[in-house]
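Please read the following account alongside the sequence and the coordinates. It begins with a single helix and proceeds outward to the sheets, the cores and the domains.

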Amino acid sequence: MQDKLNLEIHIDPSQQGSYFTLPFKVPENISRLSIAYEYSRRPEKDIKIPGGMFTSQMEENVVDLGLIRPDGSQAGVSGSDKLEISISDTFSTQGYQSGPITPGEWNILVGAYKICKQGVTVRYTILLDHKQMILLKGDLHVHSLASDGIHSLEELAIKAKRNGLQFLAITDHNQMVSSVEMPRVPGVTLIPGIEWTHYQGHANFLGIDKPYDEPFVTNTLEEAQKRFNSARQRGALITINHPFEEIASFRFDLDQLPYDCIEIWNGPMRVSNIKAIGLWQKLLVSGRKIPFCAGSDYHRDTPFIFLGGPTMCVTAISDSVSDILDGIRNGHAYATFAPNGPMIELNAGHAIMGDSVPWNENSEITIKAEGLLSGDVLQLITGTNSETLYQVPMDGKLTMNYKIAESGFARVELLRSFLPGLPMLPALLSNPIYFD
Ligand SMILES: [Zn+2]
Ligand SMILES: [Zn+2]
């Protein structure tokens, strides 16, 4: 949904050389603000001069543009050079700063640089894009040159875009990365992160620049708790990474540390991931509502390792860092083996995966899947049961309903035989819908 506002102002020649402001209201939940403006630059000669050139010598009217946030700070200025500008949480026209489109009174800054003797009418069109549920694909575990990866942040963002991803978390070993240093690549949200890397286990702290003030080092569980608690208090999303990876398993007691997600799918599907899925299932069976996450642990391209292998597919209300991480935190996400892997939707009434609904004897789950291959096996997993629902007869789509016999949770695994002779492996994992 998009709101369109039109504003108009007439500037008199006596106002030449002064600045003024045009206020407009921005409601809640706007993801992007765009402004376009037009006026007659050479009324008497009737020749259109495009923006982007220094043409003021020839122009009889020159009106400058700027934008002021509700808190009075400058969101950007562009002189008379740009006739259209736009900003969002993750992207902005050069000369403007990206940032949240906070609700309140914004102001267009009008600079009357040069006004001809008849005066000039300037027309502004403001477009406000509302946040709406979108499916975004990304990778939550990526290393750069700052640790043992081989790519710069910019190279990673461009590679992500090429692979069909819309977000990327930068998670270098014990290196904090500031969101200010992040390159801006349109269409890719870079999430600041750190992979807290300790001899006893690895964890990602995502979405903030500085999860703790001290060095990462800890020699006791108490010190580790301090780092985790500090990250939690500052708003980081905490993920427990590759808990069964042979050379870097997680040996702290999980019950003693705060965390939001478990990374049950790290890089190619293998035994350590299958064990992690088992641990997650055990936690779900115990009544915990813990979402999972997935990431490639990308350092460089090697056989079977690539950005988006696996891909986290998140339903979020915008592509801002905080909205993406909220989607992950709420379990509104599934993972596939690659960016172009199969897709799934789970619904119980209005509930989507990650949500909780009250259970009754009529409770049902609707499963919609796409990108299935002949031979794929769709399994529904609850606290007490793992049932093959469907063996896909031919490539394509599927919609089916399944009755939920008892309270608890229901999630889906799609198994695929990637190569003849190999065992079937998860090609897609969903978060559960919880039936309370
Ligand atoms: Zn690690
Ligand atoms: Zn890693």
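**From one helix to the whole chain**

Helix H1, which comprises residues 153–162, has Leu153, Leu156, Ala157 and Ala160 among its residues, and these four are buried. Around the axis they cover an arc of only 100°, which means that they lie on the same side of H1. The pattern accords with helical geometry: an α-helix has 3.6 residues a turn, so residues three or four places apart point the same way. The cover over the buried residues of H1 includes strand S9 (134–142), strand S10 (167–170) and strand S11 (189–198). After the helix comes glycine 164, whose phi is positive, near 85°. The model described here is a predicted one.

Leucine 168 offers a second view of this region. Leaving aside residues up to four places away in sequence, leucine 168 touches Leu156, Ala157 and Ala160, and also Gly138, Asp139, Val142, Val188, Leu190 and Ile191. Leu168 is also, together with Ile191 and Ile433, one of the residues with the most contacts inside the largest nonpolar core, which has 76 residues. At least three residues of this core come from each of domain 2 (133–341) and domain 3 (343–436). Another core, of 23 residues, lies apart from it and includes Leu65, Leu67, Trp106 and Val120. As a general background, nonpolar side chains tend to be buried together in soluble globular proteins.

Strand S9, already met as part of the cover of H1, leads on to strand S16. S9 and S16 pair in the antiparallel sense through five bridges, and glycine 138 stands opposite methionine 312 in S16. Strand S16 spans residues 311–316 and is mostly covered, with five of its six residues buried. S16 is also joined by four bridges to strand S17 (residues 333–336), and these two run antiparallel. Here valine 314 has alanine 333 in S17 as its bridge partner.

Two open sheets can be followed elsewhere in the chain. In one, four strands with antiparallel pairing take the order S2-S7-S4-S5. Strand S2 (19–26) and strand S5 (74–79) stand at its edges with a single partner strand each, so one side of each has no neighbour in the sheet. On average, and with direction ignored, neighbouring strands of this sheet are turned by 20° against each other. Strand S4 (residues 62–68) is joined to S5 by four bridges, the two running antiparallel; leucine 67 has glycine 76 in S5 as its bridge partner. Leu67 is also among the residues of the 23-residue core.

The other open sheet has four strands in the order S19-S18-S21-S24, again with antiparallel pairing. Its edges are strand S19 (351–352) and strand S24 (396–403); each has a single partner strand, so one side of each is left without a neighbour in the sheet. Two bridges connect strand S18 (residues 343–348) with S19 in an antiparallel arrangement, where asparagine 347 stands opposite isoleucine 352.

The overall architecture can now be set out. The protein has four helices and 27 strands. Its domain assignment gives domain 1 (2–130), domain 2 (133–341) and domain 3 (343–436), and the centres of domain 1 and domain 3, taken over C-alpha atoms, are separated by 50 Å. The C-alpha trace spans about 80 × 50 × 40 Å along its principal axes. Of the 436 residues, 40% count as buried. Among contacts between residues at least 6 apart in sequence, 65% join residues at least 24 apart.

Notes:
Residues numbered from 1 in each chain as written. Chains lettered and ligands numbered in written order. Predicted model: local features only at pLDDT ≥ 70, side-chain atom pairs only at ≥ 80, totals over all residues. Pairing = 2+ DSSP bridges. Axes fitted to C-alpha atoms, helices over the stretch in contact; angles between N-to-C directions. Domains from an automatic or database assignment. Buried ≥ 20, exposed ≤ 12 C-beta atoms within 10 Å, placed from the backbone. Arc of directions from axis to C-beta. Contact = placed C-beta atoms within 7 Å. Core = buried A, V, L, I, M, F, W, Y, C linked by C-beta atoms within 7 Å.
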